[in-house]
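Biologist: Please show me how to read the surroundings of a ligand.

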Amino acid sequence: MEKVILTGDRPTGRLHIGHYVGSLRRRVELQNTGDYRNVFIMIADAQALTDNFDNPEKVRSNITEVALDYLSVGLDPKISTIFIQSLIPELTELSFYYMNLVTVSRLQRNPTVKAEIQQKNFEASIPVGFMCYPISQAADITAFKATTVPVGEDQLPMIEQTKEIVHKFNEIYAPVLVEPNALLPQRAACNRLPGTDGKAKMSKSLGNCIYLADSADSIKQKVMSMYTDPLHVQVSDPGHLEGNTVFTYLDAFCKPEHFGRYLPDYANLDELKAHYQRGGLGDVKVKRFLNSILQEELEPIRTRREELARDMDSVTELLRVSSLKAREVAGKTLSEVRHAMKIDYFG
Ligand code: TRP
C-alpha cells in the first residue's frame, strides 16, 4: 500500500524547539525521502478552539505564525500540502459519524485528555467539544487515509483511539478506512523536551521556550540561564545528568561533528558527560557548547523565516490553495464513508 503522512499542530503560539526535535525535523526528513505518495501537514485551528474557544484572536493570529515556522524549517509546499483544518468541513461531518463508535468512558480514559483536563482545571465543567477532540483527530487522520503519523509520545493515545475507530467502522460498515501508525522521534530526549527551567514541558505560559523565531541574542540568553544541576555548585563538584536540562538538550541536538567545530577537547558526548559526572567541568562551558549548536541549527531557519515573512500574501495564498486540495481528498473519503453507512441517498 502507498504510504501517506498526516500530522499537524494547534496554532496556539509560535513553534518552539520542542516541536522541532519532537516532530518538525523528522517531517522534513520524511518529506525528502520521496517514500510518501502524499504528505499532509495540518494547522489544527478547530482543535485549538476546543480549549481556546474564548480566545479566537489567538488562534487566528497564530495560523500564519505556524505556517511560517513550517516553511522555514524546510517543509516544501511543492511536496507537502499545508492546510487549515477548519477549511475542511468534511472533517466535522466525519467526526459526527465517528462519535457513534466511541463510548464516553473510553474518552474519559484517554491519558492525554485526562492530563489536559487537570492542567486546564476543566474538572468541574469539561466542554463537550474538548472531550471529543480525540474523535476529531481520528477524522483528521482517516480523512486522508494516512498510514503514518509522525508525532511525539503524548499523541500515542490519539493514534490508539483512531485505530479503534478504524476497526469498528470497517467491521460494521465496509473496509473504507486505513489504520494509521505513529512514528515517534528516534532519540528519547526528543519525545518531550523540557522547558529551559527544567520543568516537564515547554509551554508558552511558563515562559520556558526557545522559539524557532528567537533572535540569536535571545537564544544565548535563554541557554546561559538554563536549569542544570542544583548540586553542582563548584566546578570541581561532581555533576548529575538526570534532570539536567542542558544535557537533555545536548542529547536532542548534538552530533559528533559538533565537537570538532566547537569543543575539540572531547571526542563525543559520552566523554563530555563522564567529565561532568567526575567533576571539574563547569556549567558555563557546557552551556556555551550547547549555544553554539543551537545557533548553528536555528540561524538558517530564522533567516528563511524573515525572508518568507516579507511576503505574507504568498503565504496566505499558499494556505488557501493547499486547503482546497486537501478538501478534495477528504471529500473523496467522506463519499466512501457515506456510501458504506448507507446514507448516500441520491447516488
Ligand atoms: N493534537 C495535536 C497537537 O496537539 C494536533 C493534531 C490535530 C494532530 N490533529 C492531528 C496531530 C492529527 C497528528 C494528527 O499537537
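Biologist: How many residues surround the ligand, and which are the closest?

Modeller: This is a predicted model: local features need pLDDT of at least 70, side-chain atom pairs count only at pLDDT 80 or more, and totals for chains, interfaces and linings use all residues. Numbering starts from 1 along each chain as its sequence is written, and side-chain values use heavy atoms, without hydrogens and water. A residue is near the ligand if one of its heavy atoms lies within 4 Å of it. Here 13 residues surround the ligand, the closest being Met42, Gln47, Gln137, Asp140 and Gln155.

Biologist: How do the residues of the shell divide into nonpolar, polar and charged?

Modeller: Asp, Glu, Lys and Arg count as charged; Ala, Val, Leu, Ile, Met, Phe, Trp, Tyr, Cys and Pro as nonpolar; the others, Gly among them, as polar. This shell has six nonpolar, five polar and two charged residues.

Biologist: Which side chain has an N or O atom 3.2 Å from an oxygen atom of the ligand?

Modeller: A polar contact is a pair of N or O atoms within 3.5 Å. The side chain of Arg10 provides the 3.2 Å pair with a ligand oxygen. A nitrogen atom of the ligand is 2.8 Å from an N or O atom in the side chain of Gln47, and a polar side-chain atom of Asp140 also lies 2.8 Å from a ligand nitrogen.

Biologist: How many salt bridges are there?

Modeller: The rule takes a side-chain nitrogen of Lys or Arg within 4 Å of a carboxyl oxygen of Asp or Glu. The count is 21. One of them joins Arg27 and Asp9, at 3.0 Å from N to O.

Definitions and conventions
Polar contact = N/O pair within 3.5 Å; in protein donor to acceptor, adjacent residues only side chain to side chain.
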